[in-house]
Amino acid sequence: MAKTDDPRMKKALEMLHAIEDKDAADEVVSVLNELAPDYARATVAYAFGDTYARTKQLALRDREITTIATLAALGTAQPQLKVHIRSGLKVGLTQQEIVEIIGHVGVYAGFPAAANAYFAMKEALTESAAARKAAADKSGAAKFAGGKAKAAKAKAAKPKATKKG
């Protein structure tokens, strides 16, 4: 987690980690902090530390439904939409529910906005699948390497048989 003494930013980072992959969330905050620290504090602390954190009023799942619908309707926030589609899945939405949310947006915000949102959804799902595969491959490689190391260690520890003449 990015280090901060600001309680609002601490809460914001907790909420971001609850809805998004920790590394991806930290990367966004890091880039914003590097380029525009005042903007980062203002937007991240408000959006996630103040608003998203009010889970007694509206659950994270419901907040993601609202956020996906809003970003889809805007039609100009594909990177953020992809993040929130993945976040929606993380907090319990199904792919079919997200398809329905986007379809419903199309009725009110227009078919092009919905079509763009479906394309963003496809990209988000593809990126998520690739990330899961990479993590599994990395984990499998580590297990394989660990297994080879264990086998080599066991072989080295085994006493050699000697021939008696």
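What follows is a short chat about a predicted model and its helices, pockets and a few of its residues.

Reader: Before we start, what are the ground rules for this model?
Author: It's a predicted model, where local features need pLDDT of at least 70 and side-chain atom pairs count only at pLDDT 80 or more, while totals for chains, interfaces and linings use all residues. Residues are numbered from 1 along each chain as its sequence is written, and side-chain values use heavy atoms, with hydrogens and water left out.

Reader: OK, how many helices and strands in the chain?
Author: There are 7 helices and 0 strands, so from the N terminus on the elements run α-α-α-α-α-α-α. Both kinds are DSSP runs numbered from the N terminus: helices are H or I with at least four residues, strands are E with at least two.

Reader: And what share of the residues is buried?
Author: Buried residues make up 28% of the 165 in the chain. Buried means under 20% relative accessible area, exposed means over 50%, and partly exposed is in between, with a 1.4 Å probe and protein chains only.

Reader: How much accessible surface does the chain have?
Author: About 10900 Å², of which 62% belongs to carbon and sulfur atoms. Those areas come from the Shrake-Rupley method with a 1.4 Å probe, and for residues only the protein chains shown count as cover.

Reader: What about contacts between residues at least 6 apart in sequence?
Author: Of those, 62% join residues at least 24 apart. A contact here is heavy atoms within 4.5 Å.

Reader: Switching to pockets. What's the volume of the largest pocket?
Author: About 660 Å³. A pocket is found on a 1 Å grid over the protein atoms alone: it's an open set of points where a 1.4 Å probe fits, with protein on both sides within 12 Å along at least five of seven lines, and lining residues have an atom within 4 Å of a point. Grid points are joined across faces, edges and corners, and the volume is the space filled by probe spheres set on the points.

Reader: Which residues lie nearest its centre?
Author: Leu16, Val28, Phe48, Gln80 and His84, out of 27 lining residues. By class, that lining has 17 nonpolar, 7 polar and 3 charged residues. Ala, Val, Leu, Ile, Met, Phe, Trp, Tyr, Cys and Pro count as nonpolar, Asp, Glu, Lys and Arg as charged, and the others, Gly among them, as polar.

Reader: Which helix gives the largest share of that lining?
Author: H3, with 8 residues. Helices H1 (7–19), H2 (22–35), H3 (37–52), H4 (60–74) and H5 (78–90) each supply at least two.

Reader: And what lines the second largest pocket?
Author: Among its lining residues are Ile19, Glu20, Asp21, Lys90, Glu127 and Arg132. That pocket holds about 280 Å³ of space, and its lining divides into 4 nonpolar, 2 polar and 6 charged residues. The largest share, 5 residues, comes from H7.

Reader: Lys90 is in that lining, so what does Lys90 touch?
Author: Not counting residues up to four places away in sequence, Lys90 touches His17, Ala18, Ile19, Glu20 and Asp21. Lys90 is in helix H5 and, at 45% relative accessibility, counts as partly exposed. Its C-alpha is 8.9 Å from that of Arg61, 29 residues apart in sequence.

Reader: Which H5 residues are buried?
Author: Leu81, Lys82, His84, Ile85, Ser87 and Gly88. Val83, also found in H5, is partly exposed, with a relative accessible area of 26%. After H5 comes Gly92, with a positive phi near 115 degrees.

Reader: What span should H5 have?
Author: Its 13 residues should span 18 Å at 1.5 Å a residue, and the end C-alpha atoms are 18 Å apart, which agrees. The expected span is 1.5 Å times one less than the number of residues.

Reader: What do the buried residues of H1 pack against?
Author: H2, H3, H4 and H5. The buried ones in H1 include Met9, Leu13, Leu16 and His17.

Reader: Last one: is Thr67 buried or exposed?
Author: Thr67 counts as buried, at 17% relative accessibility. Thr67 sits in helix H4 and touches Tyr52 and His84, leaving aside residues up to four places away in sequence.
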